[in-house]
Amino acid sequence: MGEQLGILKVIVVQGKRLVIRDFKSSDPYVVVKLGNQTAKTKVINSCLNPVWNEELSFSLTEPVGVLNLEVFDKDLLKTDDKMGNAHLNLQPLVSAARIRDILRVSSGETTIRKLVPDSENCLVRESSINCVNGELVQNVWLRLRGVESGELELTIKLITPVAPSV
């Protein structure tokens, strides 16, 4: 394992327009992976627009990886059905932490960086990385791949030790 960069808090806020995998609905949950760390949300029964508002924590180390998300439909008698997947490159967030430290931003709210949707990411719309009282926060909507429809809203927080003032 490389250098410890901080704690990554992933708040799985909600899903929108998820696909039907049961008779008329689905029972979705989200599995989030970062390297060899895995966490998952609770199951929301019979819902295509679930609200989880669940915070999952990961240790972030160098080299910085990609946050992988997969949505499943919970089934009792057979294997859980896949409902799509998405990923988020964490490098922009780590770069924003370095910019924050160089600029010594520690209070108030400052936009450090903006990311736009492109063929390399799953972003639905532009996403900003903000420094809020020293914490880096990114709100994102990710389009689910491999399915007809579905989006996930996340709030990502990077908790890092702030570089000491010289």
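## Overall composition

What percentage of the 166 residues in the protein do buried residues make up? In this predicted model, the buried share comes to 49% of the 166 residues. The radius of gyration of the protein is 17 Å, which agrees with the value near 15 Å that a compact globule of 166 residues would have. Taken along the principal axes, the box filled by the C-alpha atoms is roughly 60 × 30 × 25 Å, and the accessible surface amounts to about 8800 Å², with 52% of that area belonging to carbon and sulfur atoms.

The secondary structure consists of one helix and ten strands, and the order of these elements, read from the N terminus, is β-β-β-β-β-β-α-β-β-β-β. Of the contacts between residues at least 6 apart in sequence, 58% join residues that are at least 24 apart.

## The four-stranded sheet

Four strands form an open sheet in the order E3-E2-E5-E6, and their pairing is antiparallel. Strand E3 (37–40) and strand E6 (81–89) stand at the edges with a single partner strand each, so one side of each is left without a neighbour in the sheet. On average, and with direction ignored, neighbouring strands of this sheet are turned by 20° against each other.

Strand E2, which spans residues 28–34, is mostly covered, with six of its seven residues buried. Its antiparallel pairing with E5 runs over seven bridges, and within that pairing Val31 has Glu70 in E5 as its bridge partner. Strand E5 (residues 66–73) also pairs with E6 in the antiparallel sense, over seven bridges, and here Glu70 has Asn85 in E6 as its bridge partner. Glu70 can thus be followed from Val31 to Asn85.

With E3, strand E2 pairs over four bridges, again in the antiparallel sense, and Lys33 stands opposite Thr38 in E3. E2 and E3 form a hairpin with two residues between them, and in its turn Gly35 has a positive phi of about 60°.

## The nonpolar core and a buried serine

The largest nonpolar core holds 44 residues, and those with the most contacts inside it are Leu8, Leu60, Leu67, Leu136 and Leu142. Leaving aside neighbours within four places in sequence, Leu8 is in contact with residues including Leu60 and Leu67, as well as Leu34, Phe58, Leu90 and Ile156.

Ser26 lies in the loop between strand E1 (4–16) and E2. With a relative accessible area of 0%, Ser26 falls under the 20% limit and is therefore buried. Beyond its neighbours within four places in sequence, Ser26 is in contact with ten residues that can be named in full: Val19, Ile20, Arg21, Ile44, Asn45, Ser46, Cys47, Leu48, Asp73 and Met83.

## Backbone features in the loops

Ser46, one of the contacts of Ser26, is placed in the loop between E3 and E4. The phi of Ser46 is near 45°, a positive value in a residue other than glycine. Whereas Ser26 is buried, Ser46 is exposed, with a relative accessible area of 57%.

Asn133 likewise has a positive phi, of about 50°, although it is not a glycine. Asn133 lies in the loop between strand E8 (127–132) and strand E9 (135–143), where its relative accessible area of 54% makes Asn133 exposed.

A further backbone feature is the cis peptide bond that joins Glu62 and Pro63, with an omega of about -10°. Pro63 has its place in the loop between strand E4 (51–61) and E5.

Methods
Residues numbered from 1 in each chain as written. Predicted model: local features only at pLDDT ≥ 70, side-chain atom pairs only at ≥ 80, totals over all residues. Heavy atoms only, no water. Pairing = 2+ DSSP bridges. Axes fitted to C-alpha atoms, helices over the stretch in contact; angles between N-to-C directions. Buried < 20%, exposed > 50% of the residue type's maximum accessible area, 1.4 Å probe, protein only. Rg over C-alpha atoms; globule rule 2.2 N^0.38 Å. Contact = heavy atoms within 4.5 Å. Areas by Shrake-Rupley, 256 points an atom, 1.4 Å probe, with all protein chains shown as cover. Core = buried A, V, L, I, M, F, W, Y, C linked by side-chain atoms within 4.5 Å.
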